[in-house]
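Student: I should like to understand how the terms used for this protein are justified. May we take them one at a time?

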Amino acid sequence: RGSGVALFSSGRTHHELLLIEVGLPREAGGASRKRGIEPGLYHIGFKIGDSPEDAKRAYRELVEKSVRIIGTADHGVTHSIYITDPDGNELELYADVSDEWKKNPRAVMTPVQPLNLES
C-alpha cells in the first residue's frame, strides 16, 4: 500500500498541490472503524517569502495586528504560520527556507518540527 500522499509540482516550487488520503481505516475483516477524520479542505498555503527572516517579519506583523495564530511549524524546506480566515478556514503562510527539494524531492516530506518565530 502507498503512503497516501501525492504532491504535484510544475518545477517552479516544491508543490503547488498536496493531496493527503483520508477516510475510514479498516479493521481485520474489512469492517470500517470511525476515526473522526472527515474529507474536505485542510488548509490553503500562501508563499510569503524566501527566508527565515521573511517568516519572522510576517509573524511579528500578525502579532502586532492581533491576528490569532493557531500554530507554527518547521517543515524543513519551509517555515509556516497558521491562521484562520473569518469563515474558519485554515491558512498557511509560509516562507521557503531551503531549496533542498530541488535535489531531493523527498525533502518536502521531512517530519514537522516545532518553530519559534518570537526571537
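Student: What makes the four strands an open sheet, and in which order do they stand?

Tutor: A word on the source comes before the reply. This is a predicted model, in which local features need pLDDT of at least 70 and side-chain atom pairs count only at pLDDT 80 or more, while totals for chains, interfaces and linings use all residues. Residues are numbered from 1 along each chain as its sequence is written, and side-chain values use heavy atoms, with hydrogens and water left out. The order of the open sheet is 3-6-5-4, with mixed pairing. Its edge strands are strand 3 and strand 4 (69-74), each of which pairs on one side only. On average, neighbouring strands of the sheet are turned by 25° against each other, direction ignored.

Student: How do you know that strand 5 and strand 6 pair, and in which sense?

Tutor: Two strands pair if DSSP finds at least two bridges between them. Strand 5 and strand 6 have seven bridges in the antiparallel sense, so the criterion of at least two is met. Within this pairing, His 79 has Ala 95 of strand 6 as its bridge partner. The hairpin of the two strands has five residues between them, and Gly 88 there takes a positive phi near 90°.

Student: Why is the pairing of the sheet called mixed?

Tutor: Strand 3 and strand 6 pair in the parallel sense over five bridges, with Gly 45 matched to Glu 92 in strand 6. Strand 4 and strand 5, by contrast, pair in the antiparallel sense over five bridges, and Ile 69 stands opposite Ile 83 in strand 5. Both senses occur, and the sheet is therefore described as mixed.

Student: What makes strand 6 mostly covered?

Tutor: A residue is buried under 20% relative accessible area, exposed over 50%, and partly exposed in between (1.4 Å probe, protein chains only). Seven of the seven residues of strand 6 are buried. In a regular strand the side chains alternate between the two faces of the sheet. Here Glu 90, Glu 92, Tyr 94 and Asp 96 point one way, and Leu 91, Leu 93 and Ala 95 the other way, all of them buried. In the chain of 119 residues, buried residues make up 27%.

Student: Is Ser 66 buried or exposed?

Tutor: Ser 66 has a relative accessible area of 65%, and because this is over 50%, Ser 66 is exposed. Ser 66 is placed in the loop between helix 1 and strand 4, and its phi is near 60°, a positive value in a residue other than glycine.

Student: How many helices and strands does the chain have, and what qualifies them?

Tutor: Helices (H or I, at least four residues) and strands (E, at least two) are DSSP runs, numbered from the N terminus. The chain has two helices and six strands, in the pattern β-β-β-α-β-β-β-α along the sequence.

Student: Which residues line the largest pocket closest to its centre?

Tutor: The largest pocket holds about 1,100 Å³ of space. Of its 33 lining residues, the closest to the centre are His 15, Leu 18, Ile 20, His 43 and Glu 92. A pocket is an open set of points on a 1 Å grid over the protein atoms alone, where a 1.4 Å probe fits, with protein on both sides within 12 Å along at least five of seven lines; lining residues have an atom within 4 Å of a point. Strand 2 gives the most to this lining, with four residues.

Definitions and conventions: Points joined across faces, edges and corners; volume = space filled by probe spheres on them. Axes fitted to C-alpha atoms, helices over the stretch in contact; angles between N-to-C directions.
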